[in-house]
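Please open the structure in your viewer and keep the selection panel at hand, since each stop on this tour begins with a selection.

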Amino acid sequence: MRLISIVYIELYKIFRKPRTYISFGAIAAIVGLIQLGFYADGESYMKFGMQSLSDSFDVNGNIMNGYLMAFIILQTLLVHVPLLIALVAGDMISGEANQGTLRLLLTKPVSRANLIIGKFIASSIYTIVLLFWMAVWALAISIFIFGADDMLIMKSDMVTQILASDVMWRYVAAFGFAALAMLTVSALSFFLSLFAENSIGPIMATMSIIIVFTILNTLDLPIFNMVKPYLFTSHMLGWKGFFDVTINENNEQIIGSIENLPAVLLSAGVLFLHVIGFLFASILVFRRKDILS
Amino acid sequence: MLLEISHLTKSFGSFTAVDDLSFSVKEGEVYGFLGQNGAGKSTTIRMILSLIRPTKGSINIFGMSIEKEREKILQQVGAVVEKPDLYRYMTGYENLNVFARLSNKHISKAEVMKCLELVGLDKRAKDPVRVYSQGMKQRLGIAVALVHNPSLIILDEPTNGLDPQGIADIRNLILMLSKEQKKTMLVSSHLLSEIEQVADSMVIINKGKKLVEGKVNELLNPDKVQLEIITDNNPLVKDLLANSGWAKGLRNSPDQKVLVDTTADAVPLLAKYLVEHQIGISSLRSMNSLEAYFLSLTSGNEVD
């Protein structure tokens, strides 16, 4: 059976399921609420944030613009999106096992490896569509509401200014990177769904792993420092690297620059390896699995 | 032989679900696969369909090993394993269409509808499966098994959970597929009365082991009957029969009843014999169907 047919069928199933749209609704609602909050009370919030800068700098223009809004939304939401990803990816096999449709599926002339790859591609497409949906709400609608201007990002020790003309490609890259990070979550949840007969288990297990790894990341202990570079959670926020710009000797931003491109690429590589690893492990496990559901 | 099972064994840890089972199904026949609940029927069917791996033994379908030629074989096999679970959020038509696409054959919309018509669901094709009755789900499951026009159809307990009308519908469908479309079918059930009405041959298994295999009309000999007698003094009756010409047919049984294998024309003679010995007969039941045979086998009382 051709892989493309399996992908088509799996996508059809995903988008016929009501639970799929919970994620889209949740993102639209949360982003909408953040935008509404900033639209109503954003000015005082920005004044407070800019207090320390106003003594040293003369800041003009539309600071609270769509680009900054998208950055704030991305930073806030990307912590919660894994749950929405796991909601579908964690259901891909376990949901079928729970419904009993897995055994009916496997009475058809579909190779087990192709079924896994097809399901994985379908869940990946869902993840990318969800990220695209988030990009539309976080970026396009924010620009529509708040307009576009240079972007100021405040960090603990510095303020980065990115020219408006140099921002959009960074968002495209950042959303691409975020998609890779979410694909890693999707692949993990998908792998865990092989071992369960209802989707609650894989969803909870995925979130637990992310929480435990994130806690390990925050603990500055030598034993944990050794493993941190290998944990996918250490690299999931690598998208922020696209907003770290290089400045020249005149303290001006170099257009199109990324301060630490190797670090961004390394993070992307680690995430990619995790995705491939989880996929291969899924194929290996599923090929030998007795279907008892 | 279209399907050949040879020395099939499946163990889960120390528990052996299927134990050295062998049987074969000829092309064009309806083959009954009988056993009580938990006898190992579904485990065997899952191995036939490559859903689970055998611990030992081999399965050949159309002369090919299911282990090596799984996809090639499954193109020609349609199956429903245990209850037909379907996508509840899809309509009957959508469900059938999804499984038709997975069958690796080009199946048109008209063919999908024709299949729904065959199982009597064409008028309910656009209804979501979640509102279907158990019987409708069962029929849709059979439609999933039939949609790609397979040569071998495997139905695992197809009448489970159905009302009498539903059972009759499924039985008629099996007979129609066998007689009119010449399909080879393996039908499992724990009800001998069901298999008796549709199967040409059968195998009976118990605790994973084969008890008997053969033609249904040979295993069901109408001349041989088993009498179940309940009297006012069963131990005395057992002693009496043990010391008479009926001794050969006397079977081990609990004290609440006496079991005797005999022939149909000897039943009045036995009744007369007991009455002559002043035994009060509360009940005398003659079982000459396959069910008596099955019950005797599975309860450990062997029949000649």
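Begin with domain 2 of chain B, residues 224–288, and bear in mind throughout that this is a predicted model. Within chain B, display the open sheet of 4 strands, whose order is β12-β13-β11-β14 and whose pairing is antiparallel. If you then colour β12 (250–251) and β14 (281–287) of chain B, you will be looking at the edges of the sheet, where each of these strands has a single partner, so one side of each is left without a neighbour in the sheet.

Next, select β11 (residues 224–231) and β13 (residues 258–263) of chain B, two strands that run antiparallel and are joined by 6 bridges. To follow the register between them, show B:Glu228, which stands opposite B:Leu259 in β13(B). Now add helix α9 (residues 234–242) of chain B, which packs on the sheet and touches β11, β12 and β13 of chain B, its direction making about 35 degrees with that of β13(B).

Zoom out to the whole of chain B, and colour domain 1 (3–215) separately from domain 2 (224–288); the centres of these two domains of chain B, taken over C-alpha atoms, are separated by 41 Å.

The last stop is the interface, where 22 residues of chain A are in contact with 23 residues of chain B. On the side of chain A that touches chain B, select α1 (3–16) and α6 (101–105) of chain A, each of which supplies at least two residues. Colouring that side of chain A by residue class will show 10 nonpolar, 6 polar and 6 charged residues.

Terms used: Residues are numbered from 1 along each chain as its sequence is written. Chains are lettered from A and ligands numbered from 1 in the order in which they are written. This is a predicted model: local features need pLDDT of at least 70, side-chain atom pairs count only at pLDDT 80 or more; totals for chains, interfaces and linings use all residues. Two residues are in contact if their C-beta atoms, placed from the backbone, lie within 7 Å. Ala, Val, Leu, Ile, Met, Phe, Trp, Tyr, Cys and Pro count as nonpolar, Asp, Glu, Lys and Arg as charged, and the others, Gly among them, as polar. Domain bounds come from an automatic or database domain assignment. Two strands pair if DSSP finds at least two bridges between them. Axes are lines fitted to C-alpha atoms, for helices over the stretch in contact, and angles run from 0 to 180 degrees between N-to-C directions.
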